[in-house]
Amino acid sequence: MERLGRKPIIVVENLTARFGSDTILQNVNFEVYEGEIFVILGGSGCGKSTLMKHMIGLYETESGKVVIQGIDMTKADERQLKQIRLDIGVAFQSGGLFGSMTLAENVALPLQEYTDLSPETINLVVKMKLGMVNLAGYENHLPEELSGGMKKRAGLARAMALDPTVLFFDEPSAGLDPITSAELDSLIKSIRAGIGTTMVIVTHELQSIFNIADRIIMLDKEAKGIIAEGDPRWLKDNSTDPRVKAFFNRKVLEQERQET
Amino acid sequence: MDTEKTYTIHVQGQRAGEVFLSLSGRIEVGNLHLFVSETDALIDQMAPGKLLVNLSNLEYLDSAGALGLLQLEDRARAKSIPFQFNNVSERATRIMSLVNRKALAMKPLAGEKKSNIIEQIGNGSLKIFNDFVSVITFLGDLLTALLYSFMHPRSVRWEDLLFYLKRAGVEGLPIVGLISFLLGLIIAFMSSLQLRQFGANIYVASLVGVAMVSELGPIMTAIIVAGRTGSAFAAEIGTMKVNEEVDALVAMGFDPTHFLAVPKVLAAMVAVPILTLYSDFFGIGGGLVVGVLGLDLTVYTYIQETMSVISVTSICKGLLKSAVFAVLISGIGCQRGFQVRGGAEAVGSATTSAVVAAIFLIIVTDSAFAILFTYI
C-alpha cells in the first residue's frame with residue numbers, strides 16, 4: 001500500500017543497444033523504484049524510445065540486463081515474458097489502437113484474453129476504464145474517429161485494462177496542445193495516486209516533466225547514455241553539466257517565449 | 001490471470017436487520033465476476049435492513065475491485081437498503097475515486113452499427129454505384145495525367161518508372177517463366193493424350209502455340225502481375241494515404257495521380273507486354289519438352305509446326321491485349337490505394353479488392369477482345 005517505496009521494480013544493468021553497426025546506447029545503468037513516476041528524457045534521436053522498447057523486451061539487447069520484478073527480460077523464456085507482460089502496460093505514442101476495432105473492443109481485448117470475466121462484466125470494466133480516461137460514451141467509436149489526444153487516452157485505458165504494476169508511456173505529450181497535454185499529465189498523476197502504478201514515461205516536454213516526474217534520467221546522443229539522473233527541479237537549478245543546463249535553459253526560454 | 005477466489009466475505013453479525021460484512025484478501029479484476037455474483041446472492045438471501053461493509057482487512061484492491069465495491073453499493077441502494085463502507089483505507093478511497101460513476105451509466109455516443117436487410121441492400125447498391133463513379137473518375141484523371149505526360153515527358157518521374165519497371169517486370173520474370181512453362185507442359189500433355197489416339201501428335205505444337213500466344217500467355221501474365229504488382233501498388237499508395245503522404249503531396253501542389261500513378265502505369269504498360277512475350281516463349285518451351293520427350297517429335301519439327309500457326313498479327317494482338325491489361329491492373333491498383341481511409345485493415349481490403357477487381361476486368365476485357373478480333 002506504500003506509494004513511494006525505495007524498492008527497485010526495474011533494474012537496468014550495463015545495457016548496450018545497437019542497430020546494425022550503430023551503437024545507440026552503451027552501458028546504461030539505472031533503477032526504477034516502486035510507485036514512482038520515472039521519466040526518460042532527452043533530445044530527438046538520443047535513444048529514449050529505443051531504451052523503452054528494450055525495457056519491454058520488444059528489441060533484443062546487444063548486452064546487459066533489464067530486470068523487471070526479478071525476471072531478466074533479456075534472458076526470459078516465452079512463459080516468463082508472458083508473465084511479465086501481464087504485469088506491465090504499454091501506451092504507445094500514437095495510441096497503438098487496432099483500427100478495425102472499436103474503443104470498447106480495444107480495451108476489452110486484454111480482459112477477454114487474460115480473464116474469465118463474462119461479456120457483461122467486461123463491458124462494465126471497459127466502461128469504467130474509458131470513464132477513467134474521460135472517454136465515457138466513446139465505446140463504439142473507431143480509432144480513426146478520434147483526435148490524437150483521445151487516441152493516446154484510449155491507448156492508456158487499454159494499457160491499464162489489467163491494472164499493471166508498471167506502465168510504460170511513450171511520448172504522452174507529443175503532438176498535443178498544452179491544455180490536452182496538461183490534462184493527460186493530471187490523468188497520469190491520478191492513476192498513480194489511485195492505483196499506485198509505477199510509471200516509466202518517455203518524453204522531451206519540459207512542462208510535462210516538471211508536472212509529473214519524481215525522477216528523471218537524461219540521455220544524450222553523443223554520450224550514448226545517461227548524462228544526468230535525479231529530481232528534475234534539482235537538476236535544473238544545480239546541474240553543472242553544460243548539456244543538461246542547455247537542455248533545461250533552452251526549453252525554459254522557448255516556453256517563456258510561447259507564454260509571452 | 002487467476003480466476004480463483006482470493007477474497008473472503010465474512011458475515012460479522014446481524015443486529016436489528018443491520019448486516020455487517022467484513023471483506024478480506026484481494027478483490028481484483030480476475031475475480032470480479034465471482035465477487036459480484038456472491039454479493040448479489042448475499043443481498044438476496046439476507047435481505048438486510050441496512051448493510052455495513054468493513055474494508056479494514058482488505059489486502060489489495062485494484063480498479064476493477066473498486067468497481068465491484070461501488071456496484072455493490074449501487075445495487076444495495078437500488079433495493080433501498082441503506083449502505084455504508086467502514087474503515088476505508090486512504091488507498092481504497094483513492095482507487096474508488098478513480099471510478100467515474102456517471103461514465104458507467106452513460107449511453108454510447110455512437111450507436112452500434114446495425115442495419116436491416118433493406119438498409120444493407122441499399123448500402124451495398126450505393127457502394128457499388130459510388131465505386132463505379134470513383135473508378136470512372138480515376139480513369140479520367142489517369143488518362144488526363146497520361147496525356148499530360150506524353151506532351152510533357154520531362155514531367156514524368158523517370159527514376160520511379162525504372163524502379164517500377166524492375167519491380168513489375170524484371171522481378172516477375174522467374175515466376176512468369178515457371179508458371180508459363182508448366183502451363184505449356186500441362187496443355188501439351190493433356191492434349192497429347194487425346195491427339196495421340198488419332199495419330200495427330202504434331203498438332204500438339206499448334207495447339208500449345210495458338211493457345212499460349214492468343215489467350216493463355218496474355219491472361220496468365222496479367223493474372224500473375226495483378227497478384228504481384230497490382231496488390232503492391234494498392235498497398236503502397238494505401239499506406240501512403242494512411243501516413244498522410246498523399247495529403248502532403250496535394251498540399252504541396254502536386255497531382256497525386258501524376259506523381260504516383262503515372263510512373264506505375266507506364267512501367268506496367270512496358271513490363272506486361274514484355275512479360276507476355278516471355279510467357280509465350282516459356283509456354284511453347286513447356287510444350288516442346290512434352291513433344292520431344294513424350295511424342296517422339298524432333299525439336300525442329302515442333303518449332304516448324306509452331307511457327308506455321310503463329311502469325312505476327314496474333315502476337316501483336318496478344319501484346320495489345322496485354323498492354324490494355326497492364327493499364328487495368330496498375331490503374332485499379334492505384335485507384336484502390338487512393339480509396340484507402342483509416343488504418344491497416346483498410347490497406348488490406350484495398351489490396352484484396354485491387355487483385356479481385358483486376359482479375360475480373362482482365363476476364364471481361366479479354367471477352368470483349370475475343371469478339372472484337374473475330375469481327376475485325
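Here are legends for three close-up views of this predicted model.

**View 1. Helices α7 and α10 of chain B pack against each other.** Helix α7(B) covers residues 173-195, while helix α10(B) takes in residues 256-294. Their axes sit 7 Å apart and meet at an angle of about 40°. That's over the 35 degrees that still counts as roughly parallel and short of the 65 where roughly perpendicular begins, so α7(B) and α10(B) are oblique to each other. The crossing of the two is right-handed. As for who takes part, the contact of α7(B) with α10(B) has 15 nonpolar and 11 polar residues, but no charged ones.

**View 2. Lys129(A) sits in helix α4 of chain A.** This helix runs over residues 119-132. Is Lys129(A) buried or exposed? Count the other C-beta atoms within 10 Å and you get 31; 20 or more is enough for a residue to be called buried, so Lys129(A) is buried. Setting aside neighbours within four places in sequence, Lys129(A) is in contact with Val107(A), Ala157(A), Met160(A) and Ala161(A). Take Met160(A): along the sequence, Lys129(A) and Met160(A) are 31 residues apart, yet their C-alpha atoms are 7.6 Å apart in space.

**View 3. Four strands of chain B form an open sheet.** Going across, the order is β1-β2-β3-β4, and the pairing is mixed. At the edges you'll find β1 (7-15) and β4 (83-86), each paired on one side only. From one strand to the next, the twist averages 20°. Look at β3(B), residues 50-61: this strand runs parallel to β4(B), and 4 bridges join the pair. In one of these strands, β4(B), Phe85(B) is the bridge partner of Val53(B).

How values were computed:
Residues numbered from 1 in each chain as written. Chains lettered and ligands numbered in written order. Predicted model: local features only at pLDDT ≥ 70, side-chain atom pairs only at ≥ 80, totals over all residues. Axes fitted to C-alpha atoms, helices over the stretch in contact; angles between N-to-C directions. Parallel < 35°, antiparallel > 145°, perpendicular 65-115°, else oblique. Left-handed = near helix turned anticlockwise from the far one by under 90°. Nonpolar A, V, L, I, M, F, W, Y, C, P; charged D, E, K, R; others polar. Buried ≥ 20, exposed ≤ 12 C-beta atoms within 10 Å, placed from the backbone. Contact = placed C-beta atoms within 7 Å. Pairing = 2+ DSSP bridges.
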